[in-house]
Amino acid sequence: MSNAYTDAYELSIQNPEAFWGPIAETCHWYKKWDKVLDDSNKPFYRWFTGGEMNTCYNALDLHVDNGNGDRTALIYDSPVTDTKQQYTYAELRNEVAKFAGVLASKGVEKGDRVIIYMPMIPEAAMAMLACARIGAVHSVVFGGFAANELATRINDAKPKVIVSASCGIEVAKKIVYKPLLDAAIDMSESKPDATIIFQRPMETAELKPGRDFDWAELMKDAVPHDCVPVMATDPLYILYTSGTTGQPKGVVRDNGGHMVALKWTMKAIYTIDPGDVYWAASDIGWVVGHSYIVYAPLFQGATTILFEGKPVGTPDAGTFWRVISEYNVKSMFTAPTAFRAIKREDPQGKLIADYDLSKFEVLFLAGERTDPDTLHWSEEKLNVPVIDHWWQTETGWAIAANCEGLHHFPVKAGSPTKAVPGWDVQVVDEACNPVKAGDIGAIVVKLPLPPGTLPTLWQNDDRYVEAYLEEFPGYYKTADAGYIDEEGYIYVMTRTDDIINVAGHRLSTGAMEEVLANHPDVAECAVMGVEDQLKGQVPLGMLVLNAGVERDHADIIKEAVQMVREQIGPVAAFKTATVVKRLPKTRSGKILRGTMRSIADKKAYKTPATIDDPTILGEIEESLGQIGYGAKAT
Ligand code: COA
Ligand code: AMP
């Protein structure tokens, strides 16, 4: 039966130009596009070629110019610093214009890169929007990454300026940023011309004369900068995400397609109209923060909340309900792990009764699969629809969702519902043949991808093609496996590569293995994601030591844990490892990580036919058993 969703979906697949063209008309353009979809350079599809616009203008100035300058644009709520602050569209526009002037005064021009390494403070969003205003390309680096990871990104993006802050606050812990930033700059070959540091009251960073500048000082005499028109196809940002090696992938987002698609999703998926209050409880360091704390709610003229806190401990498991009721949040978005954390502290959801949630209409979850327990608990306690939706850093917005603003389909636990308009999602086998409904295979998306998705990787077209387009010609490889049922519901089961998902954070086990392999006593290692009740998955390391090493294993493990923390960052949550005599491998030498993971997760497994030496599995069971993991083979 047809409905607003089916109509939109059909048109978006049959005639993408007829679908996206009119949506783009709702945005502001200095010059209209020549082509909605340009397929003249396959497989590099481009959207709105020839069009000129400005992302910051559409996020801020447009609303001021339309007479909505007094509407609240951004609410900053920080239980960790006991601060609350609100900015109207006019106020935020003025701050952003001034900071754009600051960046320009430091020589930043259209196309230059700016790295933003900041905690969850309004200045982080201002820095992003200021880059967009002058056509510079921002690259936000999550605060929980170590100096080494920051250095990798500096070397790849080669920023002219880095914007940072004196510290972040993690519940009760102060994370001092400047020494990490200094170490990263020391380590990298590419050096920024300047850094701009926002000094927070709880920590004053030492500034290196000539290179480091104080945000507040520069803002005092800043000359506001106007919006600079850019091509729709010019890059807006680079966001690095875990790949299969220690070298992260620089996902590029363009300006025009991003604006058009994101603005449309606010109503179609999240039910948000101009003036509504929307809250994405994530971090600006992740794609969710880019798309749904900063850009999409502002394109839509809604009010966005920037929350510096955690679901628990700031100060308690009622903090989410407090924010929802205090600001009349209509729909919110977070990761299932946040709800698991709340449920663990307040299993009966008693704290919910302390707040008026009558304005709250719908909860969206993503970042990892929503497990049925979390889904049912949230539905029951909040009494609103709970919508799992599936997407990736690369895609920038949801591939599959229950599009609440178009049509609500019955929720099936374990499924993010159906493909969102724009996405031709299919499941194929290794030879790229479609599989039957219900059969598991690789989840792929038929090209072209809709607007707002990655056009390439930063200065690396070859890696883009190789990583996403080569294996299944004509399709984008999501690197997720799963199935689609008879009714078109998509089920996303597992990654097909070595990416794991820790508390909704995407991490590469390969990158952790690269770090561990550098330990002088480690001959060989494997890292796998094992199940965790709170975080969904956590990494577990298996270490084989060099012959003759007689040191205490506990000391070696402690050093290994510290190495990952120092070289990747605390966000990796790498806390557990064990020493084993040998690793199970196939006869061709491939480590059987999947089998070890099944053992660790206490799942029944079959001894692989290709295993070189089956007796090793017994040893692995024993070692894992000693640290509280393990199962028996079937
Ligand atoms: N800067 C510095 N360090 C950070 C950081 C940041 N921005 N963010 C996290 N860290 C550190 C934490 O302090 C912690 O360090 P520790 O090992 O010293 O304790 C480590 O990185 C792991 O952090 P995290 O994964 O957040 O785990 P946690 O145990 O502190 O909290 C949750 C668990 C579930 C409460 C938290 O992950 C959460 O709220 N997640 C849901 C929301 C979300 O961020 N989703 C992202 C995608 S939507
Ligand atoms: P990221 O790039 O950090 O957003 O991580 C993307 C990956 O997280 C996806 O490829 C999936 O493996 C996983 N993921 C995100 N959302 C979901 C979801 N709703 N269901 C299942 N897996 C998800």
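Which helix is Ala511 found in? Let's work up to that and a little further, one exercise at a time.

This is a predicted model, where local features need pLDDT of at least 70, side-chain atom pairs count only at pLDDT 80 or more, and totals for chains, interfaces and linings use all residues. Residues are numbered from 1 along each chain as its sequence is written, and side-chain values use heavy atoms, with hydrogens and water left out.

**Exercise 1. Place Ala511 and describe its surroundings.**

Step 1: Ala511 is found in helix α15; helices are DSSP runs (H or I, at least four residues), numbered from the N terminus.

Step 2: Ala511 has a relative accessible area of 10%, so it is buried (buried means under 20%, with a 1.4 Å probe and protein chains only).

Step 3: Leaving aside residues up to four places away in sequence, Ala511 touches Thr245, Gly246 and Ile568 (contact means heavy atoms within 4.5 Å).

Step 4: From Ala511 to Lys350, count 161 residues in sequence and 41 Å in space, C-alpha to C-alpha.

**Exercise 2. Describe the lining of the second largest pocket.**

Step 1: A pocket is an open set of points on a 1 Å grid over the protein atoms alone, where a 1.4 Å probe fits, with protein on both sides within 12 Å along at least five of seven lines; lining residues have an atom within 4 Å of a point.

Step 2: The second largest pocket has 13 lining residues, and Lys590, Ile591, Leu592, Arg593 and Gly594 lie nearest its centre.

Step 3: Two or more lining residues each come from α15 (509-516) and α17 (593-600). Helix α17 gives the most, with five residues.

Conventions: Chains are lettered from A and ligands numbered from 1 in the order in which they are written. Buried means under 20% relative accessible area, exposed over 50%, partly exposed in between (1.4 Å probe, protein chains only).
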